Every structure is written in C-alpha cells, then in structure tokens.
Amino acid sequence: MPVGHEETMMTGDAASNAAIWQSDEGARAYLSKQEAREAKRRAQWRLMGELLPYADDVAFTLLDIGAGSGPNARAILDLFPNATAILADFSPAMMSEGLTAMAPYEGRYRYITFDMTSGEWPSEVPTDLGAVVTSQCVHHIDDSAKERLFAGIYAHLRPGGWYLNFDPINAGDPLVDAAWQRANERQDPATAASERNRTPEEEHRHANHVRYMIPLAPQLDYLAKAGFAAIDIYWKHLDYVVYGGAKPQ
Ligand SMILES: C[S@@+](CC[C@H](N)C(=O)[O-])C[C@H]1O[C@@H](n2cnc3c(N)ncnc32)[C@H](O)[C@@H]1O
C-alpha cells in the first residue's frame, strides 16, 4: 500500500459521512422515519436522564453531541425542568429540522456547530457540564476519533457529571451476529424485509452506517482510559446499547 493511502481512505470515509449528513437529501431520508424511530427509542432516551444523579429540580447544563433534531435532549429536558441543553451537530439540515422540534423548549436550549471528529472543541462549550449524551452517532466516527471524543467529553464534565451513549454495536462474532439478526428479523419483519431490498442510495447510507461500528468492549476501554468511573452497560437489546460512566468527584 502506498504511503499515505490509509490516511487518504479515512479522509474519504469521513467526507462521505459528512456529505450524507450535510445534504438535504441525506437528512430528509433519515428524518422521513423519525416518528417511528422516536416511538421505538423514547424509553432509552428517558433512561439516560433517569440515570443522572440529580434531583428533578436541579439546574445543570446538558450537552447532546450529534444531536440531530434533538430527541435525546428533549427526553432529558422533560425530566429536569430547570436543566438547559447545548445541542451540537455538524449538519445544517438536521439542525434546521431541530428548530421546529425544539420550539417548545425555547430559552432552554441552543444549537452549536461541532464536528466531533475534530479534536478542537468550541470555546462556547463550558467545562462544567452536568451531563453529556450521544445517540446514534458515535458509530459514525473512527476508533481514534471515538477515543479522542470520550477524552474531550471527560474534560468538559464537572466532577460527578455523567456521559451516556446510546448506539448500535458490532457483534464481533459471526455466530452472535447471526443470532441478533434472527431475533431482529422475528421481532421486526417489515424492517428486515426493507433492508433486503435497498436502493443504491440506501446501500450507500447503510455502508456509512456500519463503517465504523465496532464491538462494545473497546468502547468501554476508551471510557476507562479517559478516566470514567461507574462504567456499565446500562441497557442492551441485541445490537443496541446504552453505556456510559461518571467523572469521579
Ligand atoms: C443517526 S443521527 C442521530 C440524531 C440524534 N442524536 C438521534 O438520536 O435521533 C446522527 C447525527 O449525527 C450527526 N453527525 C454525524 N457525524 C458527525 C460528526 N462528525 N460531527 C457532528 N455530528 C455528526 C449527524 O448530522 C446526525 O444529526
């Protein structure tokens, strides 16, 4: 392999991820199924709030990275009426959709532009965050970016603050993968059927979806390496997990 080839490929993959999410078409395709998706994931987003060590009336700042239209942040703002949220994303199309969805939370949230693959955090993100969440986006970035992101999150949390991630994972074992697929197919035959008949555009987006999806164990290692305590898999169903941890006091 020529010197620098691997780096060029990574740049191309990152560019492809950005092109998908930053295009109106990519965002529209994703958001076309948002209602069903929100109904399916609401309990996990709520759980991420329920895990936080704050009384209901405590004021704290939440950062939702890769927030999209903000469903995860909304679930947590609903549980904590005095909390405020920063929603970070790099897609104008997704953030624009969020302006409508977030309208009832006016005054309690703001969007910022942030590419989570960049090591550079915007100075407007405070370093005393009470909680950070990510939902369905960490699998879009490569392993070194995941590791860097978790370290950046740790650096921006106040002591006692929590980070939780809700994401799909890779089985890392063909027998486990086949078992997950069997169960998914029986539980949701309509989705399984549509996935067998993808258009070329859907195939392109699917390739982007799975490109950097990795098993759970290394992700928990990245959390530990960043310094997190109380690391656990707080919820799991087949290939979807909620994991996270706390910055020690
Ligand atoms: C599958 S959507 C999830 C949105 C939302 N968190 C949810 O659970 O509904 C992935 C989101 O991650 C964002 N995203 C992907 N790569 C990103 C990056 N490198 N930096 C910031 N946001 C990114 C996309 O723009 C999109 O809004």
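The paragraphs below lead through this structure from its overall form to a few single residues.

The model is a predicted one, in which local features need pLDDT of at least 70 and side-chain atom pairs count only at pLDDT 80 or more, while totals for chains, interfaces and linings use all residues. Residues are numbered from 1 along each chain as its sequence is written.

The secondary structure of the protein comes to ten helices and seven strands, where helices (H or I, at least four residues) and strands (E, at least two) are DSSP runs, numbered from the N terminus. With a radius of gyration of 18 Å, close to the 18 Å that the globule rule gives for 249 residues, the protein is therefore as compact as a globular protein of that length; the radius is taken over C-alpha atoms, and the rule is 2.2 Å times the number of residues to the power 0.38. Along its principal axes the C-alpha trace spans about 50 × 45 × 35 Å. Buried residues make up 32% of the 249 residues, a residue being buried if 20 or more other C-beta atoms lie within 10 Å of its own, exposed if 12 or fewer, and partly exposed in between, with C-beta atoms placed from the backbone. Of the contacts in the protein with a separation of 6 or more, 73% are accounted for by residues 24 or more positions apart; two residues are in contact if their C-beta atoms, placed from the backbone, lie within 7 Å.

A helix that shows such burial is H4, residues 71–79, which is largely enclosed by the rest of the structure because seven of its nine residues are buried. These buried residues are Pro71, Asn72, Ala73, Arg74, Ala75, Ile76 and Leu77. They pack against helix H3 (34–50) and against four strands, namely E1 (61–65), E2 (84–89), E3 (109–113) and E4 (129–135).

Helix H4 also leads to the ligand, since H4 and helix H1 (5–22) each supply at least two residues of the shell around the ligand. The ligand is surrounded by 20 residues, and the closest are Gly66, Gly68, Ser91, Ser135 and Cys137; a residue is near a molecule if its C-beta atom, placed from the backbone, lies within 6 Å of it. By class, this shell has nine nonpolar, nine polar and two charged residues, where Ala, Val, Leu, Ile, Met, Phe, Trp, Tyr, Cys and Pro count as nonpolar, Asp, Glu, Lys and Arg as charged, and the others, Gly among them, as polar.

Elsewhere, two helices meet: the axes of H2 (residues 24–31) and H5 (residues 92–101) come within 8 Å and cross at roughly 50°, the axes being lines fitted to C-alpha atoms, for helices over the stretch in contact, with angles that run from 0 to 180 degrees between N-to-C directions. H2 and H5 are therefore oblique to each other, given that angles under 35 degrees count as roughly parallel, over 145 as roughly antiparallel, 65 to 115 as roughly perpendicular and the rest as oblique. Asp24, Ala27 and Leu31 of H2 make the contact with Ala93, Met94 and Glu97 of H5, and by class this contact has four nonpolar, no polar and two charged residues.

Within this contact, Ala27 is buried, with 21 other C-beta atoms within 10 Å. Not counting residues up to four places away in sequence, Ala27 touches Trp21, Ser91, Ala93, Met94 and Glu97. The C-alpha atoms of Ala27 and Pro92 are separated by 9.3 Å, although these residues are 65 residues apart along the chain.

Met116, in the loop between E3 and E4, counts as buried, with 22 C-beta neighbours inside 10 Å. Outside the residues up to four places away in sequence, Met116 touches Ile65, Gly66, Ile141 and Leu149; Leu149 is 33 residues from Met116 along the chain, and their C-alpha atoms are separated by 6.7 Å.

The last residues to visit belong to E6, E7 and the loop between them. Ala230, in strand E6 (residues 229–237), has a positive phi of about 55° although it is not a glycine, and Ala230 is partly exposed, with 14 other C-beta atoms within 10 Å. Leu238, placed in the loop between E6 and strand E7 (240–246), likewise has a positive phi, near 50°, in a residue other than glycine, and Leu238 is partly exposed, with 17 other C-beta atoms within 10 Å. Tyr240 is found in strand E7 and counts as partly exposed, with 17 C-beta neighbours inside 10 Å.
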